[in-house]
Amino acid sequence: MLLQYASMDNDLSQMNRSNNIAPTSGAFFQSAQHFRVESSVFVGHQTNIYHSDIAFLEKLALYIISGASFNSSARDPPPRCHPQTRTTILQRIHEFLPTAIAPKRILWLCGYAGVGKSAIVQTVAESFSMPTQALGYRLGAAVFFSAPNNRNDPKRLFPTVAYQLATQYPAYREFIISQLLLIPCCVKKRLIDRDAGSLVIMLDGLDECNGDREQVEIIMLVSRFIIQHPDVPILWVIASRPEPHIHNAFSRFPTFLEETVPIDSDEACKDVELYLHRSFDKIREDYPECFSVQVQWPSEKQFLTLSTVASGHFALATTAVRFVEDPEYGNPVSRLEEVLAVVDDHSTAGMKGTANPLAALDALYTRILSSISKDILPTTLRILAYNNLHSFSSRNLRAPANFWRLRQSDVYSALRKLLSVLSVPTPDLVDDHNVMVYHRSFSDYLLDPERSGSFYLYSRERYVEWLQAGVRILYQAVSPGGLIPEKILLSWPPLEAKDNTQRQTLKAGLQAVGMSFYKAPEPAQREVLPRLAYILKHLDLVEASSTVGSSGCYDGLCYGFYQFLGDPRSRELGNVRFVHADQLDSSHIAMDRPCYVFLQEVGLEEPSTDKRGLNPLNIAPWETWQSGELAEVRECPSLTSIAKV
């Protein structure tokens, strides 16, 4: 369960209202340390926040989705509706909020990729800056998921909501401090000032939250709470693509109203045309030297072609505008001609609804990537691949650089032609920011081999690069005494906290070897075998798994090494050997720590009766590792063990 309901006493006098409450022994945050405050977006709005409260919020901030709030600098500039666009749908949302009646307290804003859902949610969230008393509702929390930018952990959703609520509302903050619970949905009516109106919680991009099952569970938790507590004045605005599992989850409860964002309605097309007109006007102002007063730019034909292909699709329109105005080129006239040459094949001028905006957008993405020189493109794709893997992605741009052994100049050279699809942090911000994908459709394109072709990020051949990089990093770090992160050479070292960067690079190296050895072609496997054999002879898998951390990464690491250890070539190198279970010598086993043994069952005519070598072991067949936990000690009389020499 992502969220557990808790009953609250209706009488606030029974709550501990002290401002000096500290977490008790055994609390969820007891061992938190080395923290920094992230996304503390509402503190400035609230007075009388005591030191104990601030300490609690600092600890709570460790468990939130950092950079996911509507006014976070990590999302700057955020997508928002262009002035005088989307007026009808914005009006309907603001009509729903003050008039919603239980049980229909959820507004599901659904629409296909690129229609502008995030811009609508952002615009609504920003509208709460006006006097809330007049509106009849107020913003409680706003969370913007983004899979390409690693803001998609479902376990952090409700702590994030709790954090935003706690920074705004003292009664709620005092309650969760006293109870040490992260349960934002359990705000009872006495903790909410009804005179100030309902609280609105906004979730954008639910389909980008990691895991279909988790997305469904979030919908079910919210819907069940609404049904069980119809008197609690909390409203929800949830935006997502119309995925079948999301639609089915909503349909199970009578708690929602659906608001569809159409892709090619008359209003959407007019809104895109208005956006394009104003954007081109601004480009003319920014580049006056590029235009003649006597010549209309863009021409009517050019404008009609682009607006027809866009067909109400804001992702295509905004990407095209960023491409045209790119200061790296400084020639909007020729850049517009390039865009039109790409998208013209997907349009039928003057015939609304016949264009394919997604195909045109893919073609534009292909054109953008094709502009990168062939000697630089592999580096570009390596950086993009690193940041598109959820377990690898980092908020630090130095992370992919040091993994791929790239210098600062290499990184910026590789990304300089992608400014129409990526937000790239300046050098002074790289320690706290990574590249940000403007729109998820670009990541979708890169992850689909049918759409991206030669730009596909995870072809079998590209795993060779991952394997080579991982082996290089581990070979630097391993020694007879174990893993020493400080030995890893950094191509782009930070000014401070160098050891943290090296540990992060070591973790990435372990993950890369674990995931790529069995995916890389055989010639690449043979090439790295000598070094990998040396690494494994000195590598403590227990230490390595603790370095990797999460169970998902742990599974990949162990499975990758299991594949290697089970490969006949590993035995040829003398790295492993087959022994009968009865031949295991317990004197060579550390009795005070877990021992990982890879097991293969064999059909023995005469099962062994001597089990002395196995009794002290924690036996962990692959099937039991999916949970990331060791199996219980058990007797296995007819087993053959692949044991490390």
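**Close-up 1. Pro148, Asn149, Leu384, Asn387, Asn388, Val435 and Val437 line the largest cavity of this predicted model.** Let's start inside the protein. The volume of this largest cavity is about 40 Å³, and the count of cavities of 30 Å³ or more comes to 1. Helix α14, which spans residues 377–388, contributes most to the lining, giving 3 residues. Sorted by class, the lining residues of the largest cavity are 4 nonpolar and 3 polar, with no charged ones.

**Close-up 2. The second largest pocket has a volume of about 1200 Å³.** Here 49 residues form the lining, and those closest to the pocket centre are Pro78, Pro79, Thr318, Arg322 and Tyr438. Four elements are worth picking out in this view: α3 (117–126), α9 (266–286), α11 (314–324) and β7 (436–437) each give two or more residues to the lining of the second largest pocket. What is the class make-up of this pocket's lining? There are 22 nonpolar residues, joined by 11 polar and 16 charged ones.

**Close-up 3. Helices α2 and α3 meet in a right-handed crossing.** The axes of α2 (residues 87–99) and α3 come within 11 Å, crossing at roughly 50°. Because of that angle, α2 counts as oblique to α3. On the α2 side, look for Ile89, Leu90, Ile93 and His94, which meet Ile120, Thr123 and Val124 of α3. The residues in this contact of α2 with α3 comprise 5 nonpolar and 2 polar, and no charged. Helix α3 also appears in the previous view, as one of the elements giving two or more residues to the lining of the second largest pocket.

Key
Residues numbered from 1 in each chain as written. Predicted model: local features only at pLDDT ≥ 70, side-chain atom pairs only at ≥ 80, totals over all residues. Heavy atoms only, no water. 1 Å grid on protein atoms, 1.4 Å probe; cavity = no way out; pocket = protein on both sides within 12 Å on 5 of 7 lines; lining within 4 Å. Points joined across faces, edges and corners; volume = space filled by probe spheres on them. Nonpolar A, V, L, I, M, F, W, Y, C, P; charged D, E, K, R; others polar. Axes fitted to C-alpha atoms, helices over the stretch in contact; angles between N-to-C directions. Parallel < 35°, antiparallel > 145°, perpendicular 65-115°, else oblique. Left-handed = near helix turned anticlockwise from the far one by under 90°. Contact = heavy atoms within 4.5 Å.
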